[in-house]
Amino acid sequence: MQIKVVKLYEGGEFNEEFLFGGENKADGHKDVMYPGSLQNFLIDTGDEVILVDTGFPSEVPFKGYTKILDYVPALEALGYKPEQVSKILVTHKHPDHTGELRAFPNAKIYIGPEDADALKLTGDNIVRATYSDGPYHNFPESQKIVDGVYFIKARGHTNGNSIVIAECDGVYYMMHGDVTYVDAALHANKLSIIFEDIKAARETLDRVREFIKNNPTVYLSTHTPEGVKNLEEKIIMKLD
């Protein structure tokens with residue numbers, strides 16, 4: 001199994017109030033800035049090519065960021081053609097994660113049912129997640145996609161939010177969408193200001209931190225350059 005990064009945008013910024021202020025705005029400061037980016041991930045099992053999210057629609061600019069490539073050209077830069085993609089695992093409904101689902105009409109698209117309904121997704125290729133394969137470590141509900149790849153219910157950021165964990169050579173690669181935006185928020189145990197269910201978001205972050213403390217985990221974020229670095233350098237996340 002290989003896990004690769006699909007690089008889309010760089011050069012953005014977040015302020016700490018946005019990143020840390022979900023439960024208490026006083027936890028963050030407007031003038032403390034963190035670098036932002038946009039990337040998604042790809043899992044090559046050897047038998048299948050599986051995408052985790054599909055970036056912004058190509059015609060929609062990501063304001064404040066510098067475009068590296070649109071999604072399909074970025075995928076092709078890694079050596080893959082759209083027709084090779086068999087499955088897409090959507091962490092959540094937001095357009096920077098679902099923008100190019102349309103480029104893969106033959107791929108099965110796995111997505112939390114609430115988010116599928118919110119996007120009004122239809123078609124035989126839409127798979128509303130059932131999370132019917134029981135607990136995965138400390139997460140109560142999961143769905144096995146293929147050997148070593150799990151789609152895990154992780155509500156809060158959106159009502160249909162999920163995370164993806166791929167197991168490879170004794171390491172767990174956690175592709176989590178927007179459970180946090182930067183690694184500093186994970187370390188500080190802070191929620192961002194973007195959520196649909198704050199109680200569920202807190203439960204999800206607590207479970208993510210517990211999982212990381214108990215398992216060698218590479219934490220793969222969508223919106224920080226740390227997500228790229230963590231994958232490329234195979235950095236095992238450590239929490240104090």
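Is R202 buried or exposed? I began my entries with this residue, working from a predicted model. I found that R202 is buried, its relative accessible area being 15%; the cut-off for that word is under 20%.

**Entry: the surroundings of R202**

I next looked up the charged partner of R202. R202 forms a salt bridge with D206, and their closest N and O atoms lie 2.7 Å apart. Both residues belong to helix α6 (residues 198-214), where a spacing of four residues separates them by about one helical turn. I noted D206 as partly exposed, at 37% relative accessibility. I also recorded that E23 is joined with R202 and D206 into one network, through salt bridges that share partners.

**Entry: other salt bridges**

I searched the whole structure and obtained 14 salt bridges. Side chains of opposite charge can pair when their charged atoms come close. I examined two further pairs.

One of them is formed by the side chains of K7 and E232, at 3.1 Å from N to O. K7 is in strand β1 and E232 is in helix α7 (residues 225-232), so this salt bridge ties together parts that are 225 residues apart in sequence. I entered K7 as partly exposed, with 35% relative accessibility. E232 is exposed, at a relative accessible area of 51%; exposed requires a value over 50%.

The other pair consists of D117 and R128, whose side chains meet in a salt bridge of 3.1 Å, N to O. I located D117 in helix α4 (residues 113-119) and R128 in strand β7 (residues 126-128), eleven residues apart. D117 is partly exposed, with a relative accessible area of 47%. R128 is partly exposed as well, with a relative accessible area of 34%.

**Entry: the nonpolar cores**

Which residues have the most contacts inside the largest nonpolar core? I found them to be L51, L75, V85, I88 and F104, in a core of 33 residues. I then traced the elements that give two or more residues to this core. They are the strands β1 (2-15), β2 (33-44), β3 (49-52), β5 (85-89) and β6 (108-111), together with the helices α1 (16-20) and α2 (71-77). A second, separate core has 24 residues, including Y110, F151, V171 and L231. In soluble globular proteins, nonpolar side chains tend to be buried together.

I took I88 for a separate look. Leaving aside its neighbours within four places in sequence, I88 is in contact with L51, D53, T54, L101, F104, A107, K108, I109 and Y110. L51 and F104 are thus among the contacts of I88, and they also stand among the residues with the most contacts inside the largest core.

**Entry: the five-stranded sheet**

In what order do the strands of the open sheet run? I read the order as β8-β9-β10-β11-β12, with mixed pairing. The edge strands, each pairing on one side only, are β8 (142-146) and β12 (217-220). From one strand to the next, the twist averages 25 degrees.

Within the sheet I inspected β10 (residues 162-168) and β11 (residues 171-175), which pair in the antiparallel sense over five bridges. E167 stands opposite Y172 in β11.

I then asked which strands α6 touches. Helix α6 packs on the sheet and touches β10, β11 and β12, its direction making about 140 degrees with that of β12. Helix α7 also packs on the sheet, where it touches β11 and β12. The direction of α7 makes about 150 degrees with that of β12. I closed by noting that α6 holds R202 and D206, while α7 holds E232.

Definitions and conventions: Residues numbered from 1 in each chain as written. Predicted model: local features only at pLDDT ≥ 70, side-chain atom pairs only at ≥ 80, totals over all residues. Heavy atoms only, no water. Core = buried A, V, L, I, M, F, W, Y, C linked by side-chain atoms within 4.5 Å. Buried < 20%, exposed > 50% of the residue type's maximum accessible area, 1.4 Å probe, protein only. Contact = heavy atoms within 4.5 Å. Salt bridge = Lys/Arg side-chain N within 4 Å of Asp/Glu carboxyl O. Pairing = 2+ DSSP bridges. Axes fitted to C-alpha atoms, helices over the stretch in contact; angles between N-to-C directions.
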